[in-house]
Amino acid sequence: MKKKHIFYVQPMARPISASHNQTILESLLSAAIEIDHSCGGNGTCGTCRVRVENIELMPGPNEIEAELRTEIPFDSNERLACQNFSFEGLRLHLREKKVK
């Protein structure tokens, strides 16, 4: 059986059950939480950025995320949901959708 853990989407403190081998994006989509991901989770568009409250507990950006950070501005506590894995107790905020 796959090991699961819980992380939280703020501000509603909604608990999300996730497998350790799922990205944050995959976990959110599995929980029927809408999140932009224009490139399909390939780390090339930046639309799946999330703000992480406990960013100090996350590992540094992988090569894909680090390269994208040189092309578009990221806040210091933002990470790509498609390139990072959740962990027990992670607390994150989704970006607000822009009205067209």
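**Exercise 1. The sheet and its strand order**

Which residue stands opposite Glu 78 in strand 4? Establish this pairing in the predicted model, and then place strand 4 within the sheet.

*Solution.*

Step 1. The residue opposite Glu 78 is Arg 51.

Step 2. Strand 3 and strand 4 pair in the antiparallel sense, over three bridges.

Step 3. Strand 3, residues 49-52, also pairs with strand 5, again in the antiparallel sense and over three bridges. In this second pairing, Val 52 stands opposite Leu 92.

Step 4. Strand 5 is joined to strand 1 (residues 4-10) by three bridges, and these two strands run parallel. Gln 10 stands opposite His 93 of strand 5.

Step 5. Strand 1 and strand 2 pair in the antiparallel sense over six bridges.

Step 6. Put together, these pairings give an open sheet of five strands in the order 2-1-5-3-4, with mixed pairing. Strand 2 and strand 4 are the edge strands, each pairing on one side only. From one strand to the next, the twist averages 40°.

**Exercise 2. The surroundings of Glu 78**

Determine whether Glu 78 is buried or exposed, and identify its contacts.

*Solution.*

Step 1. The relative accessible area of Glu 78 is 9%; as this is under 20%, the residue is therefore buried.

Step 2. Leaving aside neighbours within four places in sequence, Glu 78 is in contact with Arg 49, Val 50, Arg 51, Glu 65, Arg 69, Pro 73 and Arg 95. Arg 51, one of these contacts, is also the residue opposite Glu 78 in the strand pairing.

Step 3. A polar atom of the Glu 78 side chain lies 2.9 Å from the backbone nitrogen of Asp 75.

**Exercise 3. His 93 in strand 5**

Describe the environment of His 93, and state which side chain makes a polar contact with the side chain of His 93.

*Solution.*

Step 1. His 93 lies in strand 5. With a relative accessibility of 15%, His 93 counts as buried.

Step 2. Beyond four places in sequence, the contacts of His 93 are Gln 10, Pro 11, Val 50, Arg 51 and Glu 53. Gln 10 is the residue that stands opposite His 93.

Step 3. The side chains of His 93 and Glu 53 are joined by a polar contact of 2.7 Å.

Step 4. Along the chain, His 93 and Cys 48 are 45 residues apart, and their C-alpha atoms are separated by 11 Å.

**Exercise 4. Phe 7, the hairpin and the nonpolar core**

Locate Phe 7 relative to strand 2, and describe the largest nonpolar core.

*Solution.*

Step 1. The bridge partner of Phe 7 in strand 2 is Ile 16.

Step 2. Strand 1 and strand 2 form a hairpin with three residues between them. In the turn, Ala 13 has a positive phi of about 55°.

Step 3. The largest nonpolar core has 21 residues, of which Phe 7 and Leu 90 touch the most other members. Strand 1, strand 2 (14-19), helix 1 (24-30) and strand 3 are the elements that give two or more residues to this core. The largest share, three residues, comes from helix 1.

Step 4. Not counting neighbours within four places in sequence, the contacts of Phe 7 include Ile 16, Ala 18, Leu 28, Phe 87, Leu 90 and Leu 92.

Step 5. In soluble globular proteins, nonpolar side chains tend to be buried together.

**Exercise 5. The cysteines**

How many disulfides does a search of the whole structure find? Examine the sulfur distances and the burial of Cys 39, Cys 48 and Cys 82.

*Solution.*

Step 1. The search finds zero disulfides.

Step 2. For Cys 39, the nearest cysteine sulfur is that of Cys 45, 3.6 Å away. A disulfide requires sulfur atoms within 2.5 Å, so Cys 39 is in no disulfide.

Step 3. For Cys 48, the nearest cysteine sulfur is that of Cys 82, at 3.7 Å, and Cys 48 is likewise in no disulfide.

Step 4. Cys 39 counts as buried at 19% relative accessibility. Cys 48 is buried at 3%, and Cys 82 is buried at 7%.

Step 5. Cys 82 is found in the loop between strand 4 (78-80) and strand 5 (91-94). Beyond four places in sequence, Cys 82 touches Thr 23, Leu 25, Gly 41, Asn 42, Gly 43 and Cys 48.

Step 6. The C-alpha atoms of Cys 82 and Val 50 are separated by 9.9 Å, and these residues are 32 residues apart along the chain.

Key: Residues are numbered from 1 along each chain as its sequence is written. This is a predicted model: local features need pLDDT of at least 70, side-chain atom pairs count only at pLDDT 80 or more; totals for chains, interfaces and linings use all residues. Side-chain values use heavy atoms; hydrogens and water are left out. Helices (H or I, at least four residues) and strands (E, at least two) are DSSP runs, numbered from the N terminus. Buried means under 20% relative accessible area, exposed over 50%, partly exposed in between (1.4 Å probe, protein chains only). Contact means heavy atoms within 4.5 Å. A polar contact is a pair of N or O atoms within 3.5 Å; within protein, one must be able to donate a hydrogen and the other to accept it, and residues adjacent in sequence count only if both atoms are side-chain atoms. Two strands pair if DSSP finds at least two bridges between them. A nonpolar core is a set of buried Ala, Val, Leu, Ile, Met, Phe, Trp, Tyr and Cys residues joined through side-chain atoms within 4.5 Å. Axes are lines fitted to C-alpha atoms, for helices over the stretch in contact, and angles run from 0 to 180 degrees between N-to-C directions.
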